[in-house]
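Here are some quick notes from going through this model. Have it open alongside, and follow the points in order.

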Amino acid sequence: MAKYIDADKLIKDYTDIFTEYGIELAEQFQGVINQSPAENVAPRESAEWIEKVKPCEWSEDDVEISYKCSHCNNIFDYVSNYCPNCGSKMKEGLRRE
Ligand SMILES: [Zn+2]
């Protein structure tokens with residue numbers, strides 16, 4: 001399955017990191033991203049994070065929280081604006097399972 005990303009967000013997030021290693025590396029990174037061919041895709045907006053809470057195996061007083069994408073059903077330990085696996089744009093808020 002192809003994975004589509006937000007190139008502008010990627011550049012924004014990583015330019016500061018690469019700049020620490022030299023402006024040339026940051027510029028090379030931006031060049032590679034900007035020269036990559038763009039696909040004509042629109043983000044899916046129908047997905048949402050489903051919060052899963054289960055008792056922690058090693059502590060009775062604690063819980064484990066994970067988040068499942070409603071589109072691809074992959075499970076993560078964090079939420080983001082887009083699903084890292086399928087690229088769906090996620091609705092705000094969480095649904096409890
Ligand atoms: Zn997904």
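**Notes on the fold**

1. Let's begin at a strand pair: Lys68 has Ile75 as its bridge partner in S3. Keep in mind that this is a predicted model. Strands S2 and S3 are antiparallel, joined by 2 bridges. The two make a hairpin with 5 residues between them. Have a look at Asn73 in that turn, where phi is positive, at about 65 degrees.

2. Moving across from the hairpin, S2 (residues 63-69) also pairs with S1, this time over 7 bridges and again in the antiparallel sense. If you want a register marker here, take Glu51, whose bridge partner in S2 is Tyr67.

3. How do S1 and S4 run, parallel or antiparallel? They run parallel, with 4 bridges joining S1 (residues 47-55) to S4. Two pairs help to place the strands: Trp49 stands opposite Leu94 in S4, and Ile50 has Arg95 as its bridge partner there.

4. Put together, the 4 strands give an open sheet with mixed pairing, in the order S3-S2-S1-S4. Why do S3 and S4 each have one side without a neighbour in the sheet? Strand S3 (75-76) and strand S4 (90-96) are the edge strands and each has a single partner, so one side of each stays unpaired in the sheet. As a reminder, strands of a sheet pair through backbone hydrogen bonds, either parallel or antiparallel.

5. Now for the helices. H1 covers residues 7-19 and H2 covers residues 23-35; their axes come within 8 Å and cross at roughly 165 degrees. Because angles over 145 degrees count as roughly antiparallel, that crossing makes H1 roughly antiparallel to H2. The crossing of H1 past H2 is right-handed.

6. Which residues make that helix contact? From H1 there are Ala7, Leu10, Ile11, Tyr14, Thr15, Phe18 and Thr19. H2 brings in Ile23, Leu25, Ala26, Phe29, Gln30 and Ile33. By class, the contact has 10 nonpolar residues, 3 polar ones and no charged ones.

7. Last, the domains. The domain assignment splits the protein into domain 1 (1-39) and domain 2 (47-96). How far apart do the C-alpha centres of domain 1 and domain 2 lie? The distance between these centres is 27 Å.

How values were computed: Residues numbered from 1 in each chain as written. Predicted model: local features only at pLDDT ≥ 70, side-chain atom pairs only at ≥ 80, totals over all residues. Pairing = 2+ DSSP bridges. Domains from an automatic or database assignment. Axes fitted to C-alpha atoms, helices over the stretch in contact; angles between N-to-C directions. Parallel < 35°, antiparallel > 145°, perpendicular 65-115°, else oblique. Left-handed = near helix turned anticlockwise from the far one by under 90°. Contact = placed C-beta atoms within 7 Å. Nonpolar A, V, L, I, M, F, W, Y, C, P; charged D, E, K, R; others polar.
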